[in-house]
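Colleague: I am new to this structure and should like a close look at a single part of it. Please choose one element, describe it in detail, and show how its surroundings fit together.

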Amino acid sequence: MVPETVSHFIGGQHAHSTLRKSYGVTDPATGKEYAQVQVGLAADVNQAVLAARAALETGPWPALAAPDRARVLHGIADAIDARADDIAAAEALGPGLPVTQAREQATRAGEEFRLAAGLITERAADGASPAPGQSGSLTARPAGIAGLITPWRTPFLAQARAIAPALAAGCPVVLKPDEWAPLPAALLAEITTAAGLPDGVLNIVHGSLHRKAPGAQARDALIAHPSVARLSFDGDAGPGQQIRLDAATHRKNLAAELAAGAPCLIFADADLDQATDSALFGAFALNGQRRTATSTILVQRPVYDTLVSRLAQRADRIRVGDPADPATQIGPLPHADHYDKLTASVRLGLREGARLAAGGRRPAGLPEGNYLAATVLADVTPSMQIFTEQICGPVVRVTPFDTDDEAVSLANAVAHPTTAYLWTSDQQRAHRLAPAIESASTWVNSHNRQDRHTAIAGRGPGRPGAAALEVAIDFYTQSLTMLIAADDTPVPRF
């Protein structure tokens, strides 16, 4: 099969790299190349920004009335629903997501655009609240061109969450998708064009996120470009910290959502059936690559052995295989480099003294591809390097604790915890410990249950919840309040 060629998308047209450089991406299930992807250079980013600037200054999108803009966003959502199978297939070739789970992500991506459409329609009906004797109006203007950098984890959903609020605010965007997952962005270009998004409003430049890899210029050029008014980054904490520094250097408004751990605390008085279900789902759903993955499980000592046994037995029964197979629960890791890194972390944990309770190796019957069985490392201690390492894959670490204070201390030792889970039947303990955990959100005796109209603290642009999405739209918006005297309003005289 001849590999597909994935080009940039600039000004409504497919565009080749300035120097016509490309790199190959491989199917994580077979290791075979399936596409050649154009490498974005600074010149390509500049062309994308020029197209976005033309769309901002002379195109119809920024000046469209909210109902008309919302109509296009609804059309994008409908098109996403219609192409859910294509999106799922693209996500299988990128991050190796099982097809059934990838379809769910496509549905959620469509909802991001629908929710954004509803919000801008509601916001358009709101006006300024003038003083007596005055009339008022509130005008929302696009903040400018938005530069978006998205990860390989659930890439289509991540791109939808980044793009929907920017488009809702009227901002043209330049998207730099992750180099390991180029196809979802290419699909998004097709979908938005078919839905009637004007040329130049969505521009895509491919290239690497990593400084030493092909195409690192694309990321750096996007951050540094003087015409880019807003930046959004979603990805790993390491490059994210560097992007924060770079954005500050160039005085850019940045919304950063860094991948982090989600400690799961299970006390001896917890409902162990529900706690086990939550811990397993959090650790292994979406190949363990979700932001809220429970890759660190802290268990009170009286039930520690029981819970480790349960986790290991259940992990051994998880089906690992071809992401295109509907029966698959865990697919391959996205890239050989990531597979090597993750398996090296497991070996390091074992050398440090962790106990392999399940997995840790390539599953039988899968001689090729980046497959790793669902892995449970028990007896992990805070002094081990594996305890604090960021895990982005089907690996869970289990650590015992004795007291409430020790549990909180261990949870806060997890690097950048944005989410935590707490399982206990003692409500006083829950109310006491939840605020002490240094996470933006903590679920008590539940798993990621959300009201989409409730803000989630610490979330960046496009995160679940209407309130959080409204904050994201605000990030891409400049508001102007105009107050006009309706009669002889007194003017103060000094």
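Modeller: Leu377 stands opposite Arg397 in strand 16, and strand 16 is the part I propose to examine. The model is a predicted one, in which local features need pLDDT of at least 70 and side-chain atom pairs count only at pLDDT 80 or more, while totals for chains, interfaces and linings use all residues. Residues are numbered from 1 along each chain as its sequence is written, and side-chain values use heavy atoms, with hydrogens and water left out.

Strand 16 covers residues 395–401; helices (H or I, at least four residues) and strands (E, at least two) are DSSP runs numbered from the N terminus. Seven of the seven residues of strand 16 are buried, so the strand is largely enclosed by the rest of the structure. Here buried means under 20% relative accessible area, exposed over 50%, and partly exposed in between, with a 1.4 Å probe and protein chains only. In a regular strand the side chains alternate between the two faces of the sheet. Val395, Arg397, Thr399 and Phe401 are buried on one side of strand 16, and Val396, Val398 and Pro400 are buried on the other.

Strand 16 belongs to an open sheet of seven strands, arranged in the order 14-15-16-13-12-17-18 with mixed pairing. At the edges are strand 14 (355–358) and strand 18 (441–444), each of which pairs on one side only. Neighbouring strands are turned by 20 degrees against each other on average, direction ignored. Two strands count as paired if DSSP finds at least two bridges between them. Strand 15 and strand 16 run parallel and are joined by three bridges. Strand 13 also pairs with strand 16 in the parallel sense, over five bridges, and the bridge partner of Gln300 in strand 16 is Phe401. Further along the sheet, strand 12 runs parallel to strand 17 (residues 419–423), with three bridges between them; Ile266 stands opposite Trp423 of strand 17.

Two helices lie across this region. Helix 10 crosses strand 12, strand 13, strand 14, strand 15 (375–378) and strand 16, running at about 55 degrees to strand 14. Helix 11 (residues 336–352) lies across strand 14, strand 15 and strand 16, at about 25 degrees to strand 15. For these angles, axes are lines fitted to C-alpha atoms, for helices over the stretch in contact, and the angles run from 0 to 180 degrees between N-to-C directions. Contact means heavy atoms within 4.5 Å.

Strand 16 also helps to cover helix 13. In helix 13 (residues 404–413), Asp404, Ala407, Val408, Leu410 and Ala411 are buried. These residues cover an arc of only 165 degrees around the axis, which puts them on the same side of helix 13; the arc is that of the directions from the helix axis to the C-beta atoms. Their cover includes strand 12 (264–266), strand 13 (296–300), helix 12 (385–388), strand 16 and helix 14 (427–433).

A salt bridge is found in the loop that leads from strand 16 to helix 13. Arg301 and Asp402 form this salt bridge, with the closest N and O atoms 2.9 Å apart. Arg301 lies in the loop between strand 13 and helix 10 and Asp402 in the loop between strand 16 and helix 13, so the pair ties together parts that are 101 residues apart in sequence. Both partners are partly exposed, Arg301 at 43% relative accessibility and Asp402 at 40%. A salt bridge here is a side-chain nitrogen of Lys or Arg within 4 Å of a carboxyl oxygen of Asp or Glu, and the structure holds 19 of them.

Helix 10 takes part in another of these pairs: Arg314 and Asp277 form a salt bridge whose closest N and O atoms are 2.9 Å apart. Arg314 lies in helix 10 (residues 304–316) and Asp277 in helix 9 (residues 272–284), so this pair ties together parts that are 37 residues apart in sequence. Arg314 is partly exposed at 30%, as is Asp277 at 39%.
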